Amino acid sequence: MRLIAENLGGERGGEAVFSGINFALGKGQALIVTGPNGAGKSTLLRIVAGLLPVAAGRLLVEGGGEDFPSVASACHYLGHQNAMKTALSVAENLRFWRDFSGADFLSAEEALAMVGLDGIGHLPFGYLSTGQRRRAAIAKLLVSRRPLWLLDEPTAGLDKASEERFGRLMREHLDEGGIIIAATHLPLGLEGAQELRMGETR
Amino acid sequence: MLALFLRDIRLSIRAGGGALTGVIFFLAVIATIPFGVGPDINLLARIGPAILWIGALLACLLGLDRLFQADREDGSLDLLVLGDDRQMLALTVLTKCLAHWAGSVLPLVIAAPLLGLFMNMEPIGIGATALTLLVGTPAITFIGAAGAAVAVALPRGGLLISVLVLPLTIPVLIFGVSASYGAVANPDPFLQPFLILAALTLFLAVLGPVAAALALRHGTD
């Protein structure tokens, strides 16, 4: 599948944040969105996901087939918040998202092992540290299969080893034909990724 | 959908879920009424169904503001909205309503017969009031969901939800109370208001979630 943005513009509270964004991503390609605070990185991701309306231009998915007719159905959105309940255990949280999202991929335990959190699935999510919470949220990307990953500062709070492990997960996802759009301030270790600098294009 | 239902039930039971807050509020309201009204036992029996209904209605409204706000704060709401293509958002809302009803409102219905004793009500009146509460309270939850969805982005939305929702729940209250009276006062009918109450619940089970889904879809920022 291909994800194409043509002359995309976004606004927040009636004020234009950015305009004229163009990119085209095919299988196995990644886009790194960088730029200063307030440049509209998160707004761009939310517009691509379909959580905010497109203010100008257009955004389309080609070749998604029946399974993934729209961006919303094809994407995993990892926002600033982790979308996990503190009162439930990590495994319960993951199992819920696995059942709710459909398209099962890894089991909760396997996904936790992939992010180096094996053996803590029974703990309430609220007991985890910031970095562990982020890793559990990353495990959420692995419990159901989605070709497009939208990541908003995915490595915030992660230590060096976890960053590298996450880099490997992203490369595997790209090798399997996935697409990644990540907004970040930190290098993610993705070679050959397109880069979009926001705040300078205007 | 079953997964969502079970998750919300679990959350309402575990710490901070607030399943008991409503029951305790209900108990407090009903327990203070006899002190305020005075020791006229016949008067208490006469106003009993109405007081039980008003108490249950207010207790229902108490927990409604957390229906979507908790999900919004931790980011789950974004993912529930994004899942629209696979799990229709209105159905997601309906499931959340049912889980909220089973977790926070059903305990009120179960507590109602006990509190009916405080009001010196006859057994048949207690039974009728509990039955009308069982059938009518889902309607309050469904209306409340629409209010909660509109006010989801507001930091102190609880009061606003009550103000928005309360006028819309008046028909439910009227038919609930009149059916309860119909069971004890002889010339008044029971079945007609009871059936209208059931119809209101079914009607709002469709309209409420659809309206709430629409509000949530346009309320993301």
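**Exercise 1. Dimensions and fold of chain B**

Task: Determine how the radius of gyration of chain B relates to that of a compact globule with 221 residues.

Solution: For 221 residues, a compact globule would have a radius of gyration near 17 Å. Chain B has 18 Å, so the value agrees with that of a compact globule. The coordinates analysed here belong to a predicted model. As a next step, consider the extents: the C-alpha trace of chain B spans about 55 × 35 × 30 Å along its principal axes. Burial follows: 47% of the 221 residues in chain B are buried. Finally, take the contacts in chain B between residues at least 6 apart in sequence; 80% of these join residues at least 24 apart.

**Exercise 2. Secondary structure of chain B**

Task: State how many helices and strands chain B has, and give their pattern along the sequence.

Solution: The count is nine helices and zero strands in chain B. In sequence order, the pattern reads α-α-α-α-α-α-α-α-α.

**Exercise 3. Packing of two helices in chain B**

Task: Describe the geometry of helix α6 (residues 89–118) and helix α9 (residues 191–219) of chain B, and identify the residues that make the contact.

Solution: Two packed helices are described by the angle between their axes and the distance between the axes. For α6(B) and α9(B), the axes come within 8 Å and cross at roughly 115 degrees. Angles of 65 to 115 degrees count as roughly perpendicular, and therefore α6(B) is roughly perpendicular to α9(B). The crossing of α6(B) past α9(B) is right-handed. On α6(B), the contact is made by B:Leu89, B:Ala90, B:Val93, B:Leu94 and B:Cys97. On α9(B), the contributors are B:Pro209, B:Val210, B:Ala212, B:Ala213, B:Leu216 and B:Arg217. By class, this contact comprises 10 nonpolar, no polar and one charged residues.

**Exercise 4. The contact between chains A and B**

Task: Analyse the composition of the side of chain A that touches chain B.

Solution: The contact takes 22 residues from chain A and 21 residues from chain B. Within chain A, α2 (71–74) and α3 (90–101) each supply at least two residues of the side that touches chain B. The largest share, four residues, comes from α3(A). By class, this side of chain A has 12 nonpolar, eight polar and two charged residues.

**Exercise 5. The environment of A:Thr130**

Task: Decide whether A:Thr130 counts as buried or exposed, and locate this residue in chain A.

Solution: A:Thr130 lies in helix α5 (residues 130–143) of chain A. A residue is exposed if 12 or fewer other C-beta atoms lie within 10 Å of its own. A:Thr130 has 11 C-beta neighbours inside 10 Å and therefore counts as exposed. A:Ala156 is 26 residues from A:Thr130 in sequence, with a C-alpha to C-alpha distance of 8.9 Å.

Methods
Residues are numbered from 1 along each chain as its sequence is written. Chains are lettered from A and ligands numbered from 1 in the order in which they are written. This is a predicted model: local features need pLDDT of at least 70, side-chain atom pairs count only at pLDDT 80 or more; totals for chains, interfaces and linings use all residues. A residue is buried if 20 or more other C-beta atoms lie within 10 Å of its own, exposed if 12 or fewer, and partly exposed in between; C-beta atoms are placed from the backbone. The radius of gyration is taken over C-alpha atoms; the globule rule is 2.2 Å times the number of residues to the power 0.38. Two residues are in contact if their C-beta atoms, placed from the backbone, lie within 7 Å. Axes are lines fitted to C-alpha atoms, for helices over the stretch in contact, and angles run from 0 to 180 degrees between N-to-C directions. Angles under 35 degrees count as roughly parallel, over 145 as roughly antiparallel, 65 to 115 as roughly perpendicular and the rest as oblique. A crossing is left-handed if the near helix is turned anticlockwise from the far one by less than a right angle, and right-handed if clockwise. Ala, Val, Leu, Ile, Met, Phe, Trp, Tyr, Cys and Pro count as nonpolar, Asp, Glu, Lys and Arg as charged, and the others, Gly among them, as polar.
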